[in-house]
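Q: I'm new to this one and would like a close look at a single part of it. Could you walk me through how two of its helices pack, with enough of the surroundings to get my bearings?

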Amino acid sequence: MDMGIAGKRALVCASSKGLGRGCAEALAAEGVHLVMNARGSAALEEAAAAIRAAHGVEVVTVAADITTEEGRAKVLQAAGAVDILVNNAGGPPPGMWSDWEREDFIKALDANMLTPIALMKALMPGMIERGWGRVVNITSQSVKAPLAVLGLSNSARAGLTGYVAGTARQVAGKGVIINNLLPGIHDTDRATALDGGVSKAEGITVEQARAKRQATIPAGRYGTAAEFGAACAFLCSEHAGFIVGQNLLLDGGAVNATL
């Protein structure tokens, strides 16, 4: 299927590895030029070089912490006018309700709610002016089914979801489409870290922790960054213009819900 977005320009945040890179790869495969952001310069440049070589698209890199005002200003200056925004940032650390203080919640809100809102506010006026735009926010399956140990993430990402629900319906008529992708466990560094935490807490090997988690997923495996990226590319495509303000689970069936 031709996604109809060749020649468009996308900003993909936290895209040096993991799900962000999966999205960048899938968009580049459709002929989309990229502005890639991550905090670490080495991994970012390596990913950008590989994407340029594989797909022949223009790739601009910006090493900066997107969750800070200074970092966002640097990224936005380099990005200029973009047609597609993929919001992504690492999730806050796991813990229990009694572990977190106000400062912990502020950090989580800054990274996983206020940063994507700031980027949408900065970039959507240009999309509206040009009459076309796509925004995909990478959130979490915890928006649908909260995970106790990820309370900081549950809170911040649910807040972003509420913001998108209203905003998406205000801008859809102007050609700007906003949706959220809700990943379950994918084979990324984040999954490895979470499995490591389970390993330490339960006194089992990382491999055992992974097998235990996989057993809770009807698909029987972790997701891949490539298939996640393919879903992102579709939501950024010409074919997604009637999908507005939705929350698409990519979790292998792990969330047991009718709706």
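A: About 12000 Å² of the chain is exposed, and carbon and sulfur atoms supply 56% of that area. Keep in mind that this is a predicted model. On the inside, 46% of the 259 residues count as buried. You'll find 8 helices and 7 strands along the chain. Its radius of gyration is 18 Å, close to the 18 Å that the globule rule gives for 259 residues, so the chain is as compact as a globular protein of that length. If you put a box around the C-alpha atoms along the principal axes, it comes out at roughly 55 × 40 × 40 Å. Take the contacts between residues at least 6 apart in sequence: 72% of them join residues at least 24 apart.

Now for the close look. Two packed helices are described by the angle between their axes and the distance between the axes. Here the pair is α6, residues 189-202, and α7, residues 206-214. Their axes sit 8 Å apart and meet at an angle of about 110°. Angles of 65 to 115 degrees count as roughly perpendicular, so that is the label for α6 against α7.

Who does the touching? From α6 it's Leu194, Asp195, Gly196, Val198, Ser199 and Glu202. From α7, the partners are Val206, Ala209, Arg210, Lys212 and Arg213. Sorted by class, this contact has 4 nonpolar, 2 polar and 5 charged residues. As background, an α-helix has 3.6 residues a turn, so residues three or four places apart point the same way.

For another helix to set beside that pair, try α8, residues 225-235. Its buried residues are Phe228, Gly229, Ala231, Cys232, Ala233 and Leu235. They pack against one helix, α1 (18-29), and against the strands β4 (84-87), β5 (133-138), β6 (176-183) and β7 (247-250).

One last stop is a loop residue, Glu58, found between α2 (41-55) and β3 (59-63). Is Glu58 buried or exposed? Neither label fits: Glu58 has a relative accessible area of 42%, which makes it partly exposed. Leaving out residues up to four places away in sequence, Glu58 touches Arg9, His33 and Leu34. Ala156 is 98 residues from Glu58 along the chain, and their C-alpha atoms are separated by 33 Å.

Key
Residues are numbered from 1 along each chain as its sequence is written. This is a predicted model: local features need pLDDT of at least 70, side-chain atom pairs count only at pLDDT 80 or more; totals for chains, interfaces and linings use all residues. Side-chain values use heavy atoms; hydrogens and water are left out. Axes are lines fitted to C-alpha atoms, for helices over the stretch in contact, and angles run from 0 to 180 degrees between N-to-C directions. Helices (H or I, at least four residues) and strands (E, at least two) are DSSP runs, numbered from the N terminus. Angles under 35 degrees count as roughly parallel, over 145 as roughly antiparallel, 65 to 115 as roughly perpendicular and the rest as oblique. Contact means heavy atoms within 4.5 Å. Ala, Val, Leu, Ile, Met, Phe, Trp, Tyr, Cys and Pro count as nonpolar, Asp, Glu, Lys and Arg as charged, and the others, Gly among them, as polar. The radius of gyration is taken over C-alpha atoms; the globule rule is 2.2 Å times the number of residues to the power 0.38. Buried means under 20% relative accessible area, exposed over 50%, partly exposed in between (1.4 Å probe, protein chains only). Accessible areas come from the Shrake-Rupley method with a 1.4 Å probe; for residues, only the protein chains shown count as cover.
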